[in-house]
Amino acid sequence: MPGLGDATRGRVLFGGDYNPEQWPEETWHEDVRLMKDAGVNSVTLGVFSWAKLEPRPGERDFGWLDRLMDLLHEGGIGVVLATPTSSPPPWLGHLHPETLPRDEDGRVEWWGGRQHFSHSSAVYRRYAAAITEDLAARYGGHPALTMWHINNEYCTYDWGDEAAARFRDWLRTRYGTLDALNSAWGTAFWSQGYGAWEEVLPPRHAHYLKNPGQVLDFKRFTSDMLLECYVAERDIVRRHSPAHIPVTTNFMPLWAGQDAWRWAEEEDVVSVDLYPDPRDPFGAQHGALVQDMTRSQARGPWMLMEQAAGPVNWRGVNHPKPRGLNRLWSLQAVARGADAVCYFQWRQSRQGAEKFHSGMVPHAGEEGRTFQEIKQIGAELARLAHRVTGSHVDCDIAILHDWHSWWAGSHEGRLSTEVDHPQLLTAWHRALWQAHLATDFAHPEHDLTAYKLVVVPHSYALTDAAIDNLLSYVRGGGTLVCGFLTGVADQDDRVRPGGMDARLRALLGIRTLHEWWPLDEDETAETDRFRGILWSEEIDPAEDASVEAVYKGGELDGLPAVLRNGRAWYVSTLPEPHALRALLAGIAAEAGVRPVLDGLPDQVEAVRRGDLLFLLNHGREAVAVEVPGSRHDLLTGAQVGGEVMLGRYGVAVLAP
Ligand code: GLA
């Protein structure tokens, strides 16, 4: 399997989505000049080119792309070539309305935007395969080609009739018989028993709460259908290209519609699009979370496929990046394992829905601050490349996350809509990030033996295999910390007897879990050590468990809030941020996990990648950092030791 290494050849890929069809050909030459000026060595081409490549059904117009591929190659710029299948031309929907998806109310998603295709449509898949085949046959051997990019941000759902038929096929494969389906979905409830496959539908608009098993399987089905679309195109491009050309598709961070653990197995390179809000005080931590997740899915170097050089245009208010922030967040991605730093998009559009979304070349042109900063980043990445590419980030801590559990745990009939899986992941990751502890993410069934500490912010549904895995991890010497709502349900979202798997209860020192006591938005639960938010529980501890924190006052007065049973911990509320940080830092220290660097100021993040130490100042104020020994700063060329000064949004990349 090729990896990113074959595409980078020792360089950090630097560039962005290039949409030359929006510009006259003279501009293309200007683009290549500016790309060379900025150190751009990679562009992603053709993401939205279907209508230009196939102006009428079956016609092909490759002339413009031939000229471009040659032009870029002459300029020394590699091409990540996209299949254009995420935005079909208007003629497809016009001739074949059945290719258009429908929402749960039966409304059609028309052309005029993008991503108006049904993953289940045989006609869509046929046309997508045909254009992919011809594109791959023509450019699979082109010397500019460095990577294939399939579709773009796969994210569509479809509740229409063809999707319904595919859903039934998918369910037949999963369950074999209607009896098995009725059992998995618990259709004895509310008279929902199915007597014929034809009666089974996607979870369309309904009067009241939908069947949770049906909703869960529809999410699984959607992820699988989109994956089928990806795999079909991937296999076509692979047939036409040399074995070293990798294939990717770009993920959206923590996107609910794709089981990205499963998807990553089908990719040569894992790539992600990342757009933290420049005004978000925790933007850097959001970035770190997504980067940790993507690196874990890639099991090594990964690709930042898209970020913004300035503002996006899809928030209510879209702020530019202050001076230095683009550089800081780009280097943060490299620190956390990225071997590619790319943007949406190269040249800011003058028309269309995204004309106010920034580009590497802004409306202000090459004199603009944005482009000047891009040039600096390009030059610095070139300086770092030979020392970083291919190297790994090692972590002693894994945070568990699984899409199926997220899906099951977010059903509308749950006890508290305040409980939100991404928010819980974020809270636990943030606590560890603020404690300067490096984290991977892992699936509950992954091999966890390499980690000293595993934390489980919110794994509501766990399979038997996952529970076995956690038990043997702790038996083998690992330390485990579980948050509330761990292991409540099985893979069918069937509540386990006792409200939590019995073996997990024994592991965590819980004798009886009497009731869950969710908290209102502004409510807190007092304990003798901290305040909890969001949730609390009425628990009896097992005899040999030690009670580490106790609820104070209210109905739960005197009952355990935090339990410990040897190396296994259970936290039945969400401690306030500083308390969660202190709790996890203490447990990590006991498990032998060290912070990346001791004595770091709060606003400074330290990351080790290979033998390099990255120091990132997320503050606007300059700050001094104590670094033991003498080191070489790869960005400035200076020898530093003792105290390293970091300016506003400053970065140092220190080699031994
Ligand atoms: C996504 C898409 C791009 C563009 C950007 C805007 O990442 O892949 O085509 O729309 O969002 O932020």
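In this predicted model, the side chain of Glu-153 places an N or O atom 2.7 Å from an oxygen atom of the ligand. Glu-306 makes a similar kind of approach: an N or O atom of its side chain is 2.2 Å from a ligand oxygen atom. For Asp-273, a polar side-chain atom lies 3.4 Å from an oxygen atom of the ligand. On its own, the ligand has 300 Å² of accessible area, and the protein covers 96% of this.

Glu-153, Asp-273 and Glu-306 belong to a longer list of residues around the ligand. Among the others are Phe-48, Tyr-275, Trp-314 and Phe-344. Arg-114, Asn-152, Glu-354 and His-357 are also found there.

Thr-44 sits in strand 2, which spans residues 42-45. Its relative accessibility is 1%, so Thr-44 counts as buried; the cut-off for that class is under 20%. Beyond its neighbours within four places in sequence, Thr-44 is in contact with Gly-16, Asp-17 and Tyr-18. Val-80, His-149 and Met-305 are in contact with Thr-44 as well.

Tyr-208 belongs to the loop between helix 8 (178-185) and helix 9 (212-240). Tyr-208 counts as exposed because its relative accessibility is 54%, and the exposed class begins over 50%. Together with Phe-189 and Trp-190, Tyr-208 makes a nonpolar surface patch of about 390 Å². Thr-44 is thus classed as buried, whereas Tyr-208 is classed as exposed.

Technical notes:
Residues are numbered from 1 along each chain as its sequence is written. This is a predicted model: local features need pLDDT of at least 70, side-chain atom pairs count only at pLDDT 80 or more; totals for chains, interfaces and linings use all residues. Side-chain values use heavy atoms; hydrogens and water are left out. Patches are made of residues with over 30% relative accessible area and no salt bridge: like charges are joined within 9 Å, nonpolar side chains (Val, Leu, Ile, Met, Phe, Trp, Tyr) within 5 Å. Accessible areas come from the Shrake-Rupley method with a 1.4 Å probe; for residues, only the protein chains shown count as cover. A salt bridge is a side-chain nitrogen of Lys or Arg within 4 Å of a carboxyl oxygen of Asp or Glu. Helices (H or I, at least four residues) and strands (E, at least two) are DSSP runs, numbered from the N terminus. Buried means under 20% relative accessible area, exposed over 50%, partly exposed in between (1.4 Å probe, protein chains only). Contact means heavy atoms within 4.5 Å. A residue is near a molecule or strand if one of its heavy atoms lies within 4 Å of it. A polar contact is a pair of N or O atoms within 3.5 Å; within protein, one must be able to donate a hydrogen and the other to accept it, and residues adjacent in sequence count only if both atoms are side-chain atoms.
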